Amino acid sequence: AAAATLLGSLIASGVTAALRRLTTAADTVRTTGRFDVSVPTAGNDEVSRLGSSFGSMLESLERSRAEQQRLVQDAGHELRTPLTSVRTNLDVLRRHPGLPDAERSQILADLHSEVEEMVDIVDEIVTVAAGVATDEAPAEFALGDTTRRVVDRFARRTGRHFDVVADDSPVHA
């Protein structure tokens, strides 16, 4: 009976030791928010498989967090350009209340275009954050035309002149 008790105690101690290490790893994740915690996975029993699954879950959470951070950084970067343009155009309208109607109309058109661009960016962010995949079919367009529109808008804002030399070669993107 004493030998059986001793043997049972050793087996239980071995099983619970792995569970205690797994519990410690889970507590570390909970208290620190870190996902790079070492999880015990040695062996081929249920506790080892649980540890392996827990480790895989932590890796998935780390990837998800990294993707979320990339999304936020990309969104901030993408929104800065149209926001800067809106701010610049509003400043021009405030400082020059007597702008000729043609210039005023062009600035208002630019503002409308920039706001539409921001709406599109926010819609994309919400779609990505919701986990909805949108597979847009590639489209063909003339890169020169797009470049000219961007350069013209920049030239109007800065008063600088730029020459865009581009052919009508199509881009498939």
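**Notes on helices α2 and α3**

1. Let's start with Asp-110, which is found in helix α3. Please keep in mind that this is a predicted model. Asp-110 has a relative accessible area of 5%, under the 20% cut-off for burial, so this acidic residue counts as buried.

2. What does Asp-110 contact, leaving aside its neighbours within four places in sequence? The partners are Asn-89, Arg-153 and Arg-156. Asn-89 is worth a second look, as Leu-111 touches Asn-89 too, along with Val-86, Leu-90 and Leu-93. That list for Leu-111 does not count residues up to four places away in sequence.

3. Now for α3 as a whole. The helix has 29 residues and reaches 42 Å from its first C-alpha to its last. That span is close to the 42 Å expected at 1.5 Å a residue. Just after the helix, look for Gly-131: α3 is followed by this glycine, whose phi is positive, near 80°.

4. Which residues of α3 are buried? Asp-110 is one of them, and the others are Ile-107, Leu-111, Glu-114, Met-118 and Ile-121. Asp-110 and Glu-114 may catch your eye in this list.

5. On to the packing of the two helices. α2 and α3 pack at an angle of about 165°, and their axes are 9 Å apart. Because an angle over 145 degrees counts as roughly antiparallel, α2 is roughly antiparallel to α3. As for handedness, α2 passes α3 in a left-handed crossing.

6. The largest nonpolar core has nine residues in all. Its members are Leu-79, Val-86, Val-92, Leu-93, Leu-99, Ile-107, Leu-111, Met-118 and Ile-121. Which elements give two or more residues to this core? They are α2 and α3, the latter spanning residues 101–129. A second, separate core has eight residues, including Val-29, Phe-35, Val-37 and Phe-54.

7. Finally, a word on Leu-83, which has its place in helix α2, residues 46–95. Is Leu-83 buried, exposed or partly exposed? Its relative accessible area is 43%, and values between 20% and 50% count as partly exposed, so Leu-83 is partly exposed. Leu-83 and His-112 lie 29 residues apart along the chain, and their C-alpha atoms are separated by 12 Å.

Conventions:
Residues are numbered from 1 along each chain as its sequence is written. This is a predicted model: local features need pLDDT of at least 70, side-chain atom pairs count only at pLDDT 80 or more; totals for chains, interfaces and linings use all residues. Side-chain values use heavy atoms; hydrogens and water are left out. Helices (H or I, at least four residues) and strands (E, at least two) are DSSP runs, numbered from the N terminus. Buried means under 20% relative accessible area, exposed over 50%, partly exposed in between (1.4 Å probe, protein chains only). A nonpolar core is a set of buried Ala, Val, Leu, Ile, Met, Phe, Trp, Tyr and Cys residues joined through side-chain atoms within 4.5 Å. Contact means heavy atoms within 4.5 Å. The expected span of a helix is 1.5 Å times one less than its number of residues. Axes are lines fitted to C-alpha atoms, for helices over the stretch in contact, and angles run from 0 to 180 degrees between N-to-C directions. Angles under 35 degrees count as roughly parallel, over 145 as roughly antiparallel, 65 to 115 as roughly perpendicular and the rest as oblique. A crossing is left-handed if the near helix is turned anticlockwise from the far one by less than a right angle, and right-handed if clockwise.
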